[in-house]
Amino acid sequence: PLRIEISIPSGRELAEKTFNPHLGIIGGISVLGTTGIVNPMSEAALVETIRLDIRVHAQEDVSLLAVAPGNYGERFLKEETGLSMENFIKCSNFIGTSFKMLSQEGIHQALLAGHVGKLVKVAGGVMNTHSRYGDRRMEILSACARTVGFPEADALLPMNTTEEAADFLYEHGYLKQVMEQVANQVKAVLEEESGVQTEVMLFSSNYGLMARTAGADAYVRELLEMERHGSNMVYFVGAGSGAPDLITVRGARLLNQADQIIYAGSLVNPELLDYKKESAVVYDSAKMTLEEVVEKIQEAESTGKMTVRLHTGDPCVYGAIREQMDELDKLNISYKVCPGVSSFCGAASALNLEYTLPGVSQSVIITRMAGRTPVPGRESIASFAAHHATMVIFLSTGMLKKLSEELIKGGYEADT
């Protein structure tokens, strides 16, 4: 047999620089076919990719995003503002469509940064900035120049590039006024088209930042503050029901972003740690006390680092997270919970079962036997069994004989 092995040196590191992490695809890299022929993605497919990126941010309750058409805008934002681009989407030429999708997904504030050659089209109402939809750059720029009273506005019309036009405006002392007019028109057009409160930063290759709308700096500060809080946030993440690919997309992405991971080593599948970045520090909480766990979280928080506390299943079901949250509340450390697929859901899927069969049971009782953690008397196994509902019983495999007795006492048949 012929065996072919394909390797990609530093592939994991390269994957982090692609679009995939924005979509929750961690550790994967796209590889072109051996023909060397690239089939371009259809416009519809690209728009849906942008929509998915927006939706991922919306699911995290983000209210403000930075937006740029492409790599130049992204690089400019990083260098000009210091943003890490954690709350950022790349919209390509689909500026109008992307802003409408922001509104549809519940994100109503955006900071748009772009080269004047692209954004000047938006100032004239061109919502798709690809050249095949019309190139009116000089007409729109000339109109903006006339609006601010530049007497040589018509001289811009025959020029080939916006950089050439910028040089001409600079020489005549009108660059700042005209570019501010362009930025304000971009803001007005997008707000009218989408309802998204928009601030704009306009740049060129030769002049750098040329104009920004009045609220742009405030949006930058807000984005920086969001990053600061997000970077040292503590996330309680549900690991799912066992298989590493049953973690949620958000959970996998948080694992990939975490600077520190504290996981329940005796319960969580260690393969989930493959999602982490190489620099992440990992601790096994099975060997730690509550005080030691909180101490590690506090150390990370004090240095602006992000912690993922990885719990089995879904943290809200016997996850013992409340005691940790209480300690974090005392320390004023912020935290969020990312749900997971609980083992009782995973068990039903593995057995091809449904818990709520019509005519059999329409209720599910989740409970446990009393052990080191007491169970209130009114919540005894026998009292719940009397309802003859579907019962999901956790943390009781070491007490099966007693469990069977309690279920039969409550009314279940012995052969259940």
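# Briefing: buried cysteines, two sheets and aromatic contacts

C144 has a relative accessibility of 1% and therefore counts as buried, the limit for that class being under 20%. The model discussed here is predicted. It contains zero disulfides, an open five-stranded sheet with mixed pairing, a further open five-stranded sheet with parallel pairing, and eight aromatic pairs. The points below take these topics in turn.

**Cysteines**

- A disulfide is a covalent bond between the sulfur atoms of two cysteines.
- The structure has zero disulfides.
- For C91, the closest cysteine sulfur is the one in C144, and the separation of 19 Å is too far for a bond, given that a disulfide requires the sulfur atoms to lie within 2.5 Å.
- C144 is likewise in no disulfide, its nearest cysteine sulfur being that of C91 at 19 Å.
- C91 is buried, and its relative accessible area is 0%.

**The sheet with mixed pairing**

- The strand order in this open sheet of five strands is 2-1-3-4-5, and the pairing is mixed.
- Strand 2 (88-90) and strand 5 (208-212) are the edge strands, and each of them pairs on one side only.
- From one strand to the next, the twist averages 25°.
- Strand 1 (residues 64-68) and strand 2 run parallel and are joined by three bridges.
- Within this sheet, V67 stands opposite I89 of strand 2.
- Helix 2 (residues 43-58) lies across strand 1 and strand 2, and its direction is at about 175° to strand 2.
- Helix 3 lies across strand 1, strand 2, strand 3 (109-115), strand 4 (197-204) and strand 5, running at about 95° to strand 4.

**Faces of helix 3**

- Which residues of helix 3 (residues 71-81) are buried? They are G73, E74, F76, L77 and T81.
- Viewed down the axis of helix 3, these buried residues fall within an arc of 160°, and they therefore line one face of the helix.
- An α-helix has 3.6 residues a turn, so residues three or four places apart point the same way.
- Y72 and E79 are exposed on the other side of helix 3.
- G82, just after helix 3, adopts a positive phi of about 80°.

**The sheet with parallel pairing**

- This open sheet of five strands is ordered 8-7-9-6-10, with parallel pairing.
- Strand 8 (281-284) and strand 10 (335-338) stand at the edges; each has a single partner strand, so one side of each lacks a neighbour in the sheet.
- On average, neighbouring strands of this sheet are turned by 20° against each other, direction ignored.
- Four bridges connect strand 6 (residues 234-238) with strand 10, in the parallel sense.
- F236 stands opposite V337, a residue of strand 10.
- Helix 12 (residues 322-330) packs on this sheet and touches strand 6, strand 9 (307-311) and strand 10, with its direction at about 160° to that of strand 10.

**Aromatic contacts**

- A pair of aromatic rings is described by the distance of the centres and the angle of the planes.
- The structure holds eight aromatic pairs.
- The ring centres of F150 and F168 are 6.0 Å apart and the planes stand at 65°, so this pair is edge-to-face, since plane angles over 60 degrees receive that label.
- The pair links distant parts of the chain, 18 residues apart: F150 belongs to the loop between helix 6 (137-147) and helix 7 (162-171), while F168 belongs to helix 7.
- F150 counts as buried at 4% relative accessibility, and F168 is buried with a relative accessible area of 16%.
- The ring centres of Y318 and F394 lie 5.4 Å apart with planes at 55°, so this pair is tilted.
- Y318, in the loop between strand 9 and helix 12, and F394, in strand 12 (residues 390-394), are 76 residues apart, and their pair links distant parts of the chain.
- Is Y318 buried or partly exposed? With a relative accessible area of 38%, Y318 is partly exposed, whereas F394 is buried at 15%.
- Y318 and F394 belong to one aromatic cluster together with F344 and Y355.

How values were computed:
Residues numbered from 1 in each chain as written. Predicted model: local features only at pLDDT ≥ 70, side-chain atom pairs only at ≥ 80, totals over all residues. Heavy atoms only, no water. Pairing = 2+ DSSP bridges. Helix = DSSP H or I, 4+ residues; strand = E, 2+ residues; numbered from the N terminus. Axes fitted to C-alpha atoms, helices over the stretch in contact; angles between N-to-C directions. Contact = heavy atoms within 4.5 Å. Buried < 20%, exposed > 50% of the residue type's maximum accessible area, 1.4 Å probe, protein only. Arc of directions from axis to C-beta. Phe/Tyr/Trp six-rings, centres within 6.5 Å; stacked < 30°, edge-to-face > 60°.
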